[in-house]
Amino acid sequence: ISLQKIITKLKSLIDKNTADITALNNDLSNISGTATPFGIFKKQSISYMRFGRIVVVTGWVNTGSVQDQNGYPEGAHYAIASIPYTPLGGTASLAAYCTNASADAQVWVENTGYIVFKSTRNAFPDAIYISGAFIMA
């Protein structure tokens, strides 16, 4: 093997290593954060953290401050926040917890990156607490 071939191979390995480190640094800078409130639901605290292709979401949304006297119509969908990841296969469900027994909600992440809740009973409580995970695309 010539010295020139060894130098060329070493340069190739260094370039690949540099590209891999740059990609890793870019990825790590976007591994966690706070969801961006969407629509009328400004009072909230939703965080996300990514582990490879798994994204964990947790937090709460104050729904009582913006609902009218009729609550939220059963079956209606409301986008509450957005995150910079989209789930694999369209939508992914998250666990949803309500503050009282007279209401219920389903919460999921749509393929647009929006966290959405669907009112399944009326009247709705003052807040929902969410936690769950999904596989990102």
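How many bridges join strand β3 (residues 44-51) to β4, and in which sense do the two strands pair? The pairing is antiparallel and runs over eight bridges. Here, two strands pair if DSSP finds at least two bridges between them. The strands themselves are DSSP runs of E with at least two residues, while helices are runs of H or I with at least four, and both are numbered from the N terminus.

Before going further, a word on the model. It is a predicted one, where local features need pLDDT of at least 70 and side-chain atom pairs count only at pLDDT 80 or more, while totals for chains, interfaces and linings use all residues. Residues are numbered from 1 along each chain as its sequence is written, and side-chain values use heavy atoms, with hydrogens and water left out. As for pLDDT, that is the predictor's confidence in each residue, on a scale from 0 to 100. The protein averages 84 on that scale, and 90% of the residues score at least 70. Among the elements, helix α1 (residues 3-28) comes out with the lowest mean pLDDT, 76, and β2 with the highest, 94.

So what is the protein built from? One helix and nine strands. Reading from the N terminus, the order of elements is α-β-β-β-β-β-β-β-β-β. The nine strands form an open sheet in the order β1-β3-β4-β9-β6-β7-β8-β5-β2, with antiparallel pairing. At the edges stand β1 (32-34) and β2 (36-37), each with a single partner strand, so one side of each has no neighbour in the sheet. In general, strands of a sheet pair through backbone hydrogen bonds, either parallel or antiparallel.

Now for the individual pairings. Between β3 and β4, Ser45 has Trp60 as its bridge partner in β4. Strand β4 (residues 54-62) also pairs with strand β9 (residues 127-135), again in the antiparallel sense, over nine bridges. One of the matches here is Val56, whose bridge partner in β9 is Ala133. Strand β9 pairs with strand β6 (residues 92-98) too, in the antiparallel sense over four bridges. In that pairing, Tyr97 stands opposite Tyr129, and the bridge partner of Cys98 in β9 is Ile128. Moving along, β6 and strand β7 (residues 105-109) form an antiparallel pair over three bridges, with Ser93 standing opposite Trp108 in β7.

A couple of strand residues deserve a look. Thr58 is found in strand β4. It is partly exposed, with a relative accessible area of 41%; buried means under 20%, exposed means over 50%, and partly exposed lies in between (1.4 Å probe, protein chains only). Thr58 and Ile46 are 12 residues apart in sequence, yet their C-alpha atoms are 5.6 Å apart in space. With neighbours within four places in sequence set aside, Thr58 is in contact (heavy atoms within 4.5 Å) with Ser45, Ile46, Ser47, Ile130 and Ser131.

Buried or exposed: which is Gln44? This residue of strand β3 counts as buried, at 14% relative accessibility. A polar atom of the Gln44 side chain lies 2.5 Å from the backbone oxygen of Phe41. Leaving out neighbours within four places in sequence, the contacts of Gln44 include Pro37, Phe38 and Trp60, along with Val61, Ile80 and Ala81.

Over in the helix, there is a salt bridge, meaning a side-chain nitrogen of Lys or Arg within 4 Å of a carboxyl oxygen of Asp or Glu. By this rule the count comes to one. Asp15 makes it with Lys11, and the closest N and O atoms are 3.1 Å apart. Both residues lie in helix α1, four residues apart, which is about one turn of the helix. Asp15 itself is partly exposed, at 41% relative accessible area.

Finally, the view of the whole protein. Of its 137 residues, 31% count as buried. Among contacts between residues at least 6 apart in sequence, 61% join residues at least 24 apart. The accessible surface comes to about 8000 Å², and 57% of that belongs to carbon and sulfur atoms. That area comes from the Shrake-Rupley method with a 1.4 Å probe, and for residues only the protein chains shown count as cover.

Notes. Polar contact = N/O pair within 3.5 Å; in protein donor to acceptor, adjacent residues only side chain to side chain.
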